[in-house]
Amino acid sequence: MLLAIDVGNTHTVLGLFEGEDVIEHWRIATDARRTADEIAVVLQGLLGQSPLLKGTDVNGIVICSTVPSVLNEMREMCRRYYGDVTAVIVEPGVRTGVPVRMDNPKEVGSDRIVNALAAIQLYGGPCVIVDFGTATSFDAVSAKGEYVGAVTAPGIQISVDALAAAGAQLHKVELVRPRSVIAKNTVEALQAGIIYGFAGQVDGIVERMAAELAANPDDVTVVATGSAAPLVVGEARSIDMHEPWLTLIGLRLIYHRNAT
């Protein structure tokens, strides 16, 4: 089985593949203070508690990370605890098959390239990937499968936290759809502003990106992913596909490009 690990700024998502299928998955907090030994304890605890894994072994590991310090510890964890397992780290020199047409390709986060590869494989190009994570990331991929540009906006949770911190009479609310856009109380007013506000942001940015990406904007497929995507997918008119495991799928593809 292949273990795919996507280390984000806030959360780390782990998925276990049997063939092309994600058969088990976990989400844990990303903690830059964790050592390789602590990561191994957490990982082995998760693997050990799953009833699906009794008598099975991890025979491959693939990792991407937006947090350099965590990536270093992940690398050490693989060396110390999984030395007999083929491990692929997404970093410069790893074959992705995605040309990066940016002023400085090294600035592009590895997770964004991984997402681009998965989106091209699943849906073809041109496409726009909207990743609802710590930031809301918009990535443009050409019809040729090239990563051609991006937009980065504050993420949903960051915006909620900032609003609660700055407003004396405002507080954090559960992120669910309110009864109506025009709210009758403070909690639902915040919920409406967050959910419909971000849906409008997505539609506005995607419309402009699609107009630059293709002669016919209707040819652009818009793919949503990330932990907060379910909040917006049903409200944003521009989103065509929702793939929660987009990054994990891209990691699986990269593993097989480099380990076989």
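How many residues in the lining of the largest cavity are nonpolar, polar and charged? By class, that lining has twelve nonpolar, three polar and three charged residues. This is a predicted model. The briefing below covers its cavities, helix α1, its two largest pockets and three single residues.

**The largest cavity**
- The structure holds two cavities of 30 Å³ or more.
- The largest cavity encloses about 150 Å³ of space.
- Its lining consists of 18 residues. Nearest the centre lie Thr12, Ile28, Arg34, Ile39 and Met74.
- Four elements, β2, β3, α1 and α2, each give two or more residues to this lining.
- Helix α2 supplies the largest share, with five residues.

**Helix α1**
- Helix α1 covers residues 36–49, which makes 14 residues.
- At 1.5 Å a residue, helix α1 should span 20 Å. Its end C-alpha atoms are 20 Å apart, so the expected and modelled spans agree.
- The buried residues of α1 are Ala36, Ile39, Ala40, Leu43, Leu46 and Leu47.
- These buried residues lie on the same side of α1, because they cover an arc of only 135° around the axis.
- They pack against β1 (2–7), β2, β3 (21–29) and α2 (68–81).
- Ile39 links two topics: it is one of the buried residues of α1, and it is also among the residues nearest the centre of the largest cavity.

**The largest pocket**
- The largest pocket holds about 820 Å³ of space.
- It is lined by 40 residues. Closest to its centre are Asp131, Phe132, Gly133, Thr134 and Ala135.
- Several strands give two or more residues to the lining: β2 (11–18), β6 (127–132), β7 (135–141) and β8 (147–154).
- Helices α3 (110–123), α4 (156–166) and α7 (246–259) also give two or more residues each.
- By class, the lining divides into 17 nonpolar, 16 polar and seven charged residues.

**The second largest pocket**
- The second largest pocket has a volume of about 340 Å³.
- Its lining has 16 residues. Glu91, Pro92, Pro105, Val108 and Ser110 are the closest to its centre.
- Nine of the lining residues are nonpolar, five are polar and two are charged.

**Asp131, a residue of the largest pocket**
- Asp131 lies in strand β6. It is among the residues closest to the centre of the largest pocket.
- Is Asp131 buried or exposed? Its relative accessibility is 14%, so Asp131 counts as buried; the cut-off for buried is under 20%.
- Leaving out residues up to four places away in sequence, Asp131 touches Asn115, Thr136, Ser137, Thr225 and Gly226.
- Asp131 and Glu107 are 24 residues apart along the chain. Their C-alpha atoms are separated by 17 Å.

**Gly93, a loop residue**
- Gly93 sits in the loop between β5 (86–89) and α3.
- Its relative accessibility is 79%, so Gly93 counts as exposed. The cut-off for exposed is over 50%.
- Gly93 and Glu207 are 114 residues apart along the chain. Their C-alpha atoms are separated by 34 Å.

**A cis peptide bond**
- Most peptide bonds are trans.
- The bond from Gly125 to Pro126 is cis, with omega near 0°.
- Pro126 is found in the loop between α3 and β6.

Methods. Residues are numbered from 1 along each chain as its sequence is written. This is a predicted model: local features need pLDDT of at least 70, side-chain atom pairs count only at pLDDT 80 or more; totals for chains, interfaces and linings use all residues. Side-chain values use heavy atoms; hydrogens and water are left out. On a 1 Å grid over the protein atoms alone, a cavity is a set of points where a 1.4 Å probe fits but cannot get out, and a pocket is an open set with protein on both sides within 12 Å along at least five of seven lines; lining residues have an atom within 4 Å of a point. Grid points are joined across faces, edges and corners, and a volume is the space filled by probe spheres set on the points. Ala, Val, Leu, Ile, Met, Phe, Trp, Tyr, Cys and Pro count as nonpolar, Asp, Glu, Lys and Arg as charged, and the others, Gly among them, as polar. The expected span of a helix is 1.5 Å times one less than its number of residues. Buried means under 20% relative accessible area, exposed over 50%, partly exposed in between (1.4 Å probe, protein chains only). The arc is that of the directions from the helix axis to the C-beta atoms. Contact means heavy atoms within 4.5 Å.
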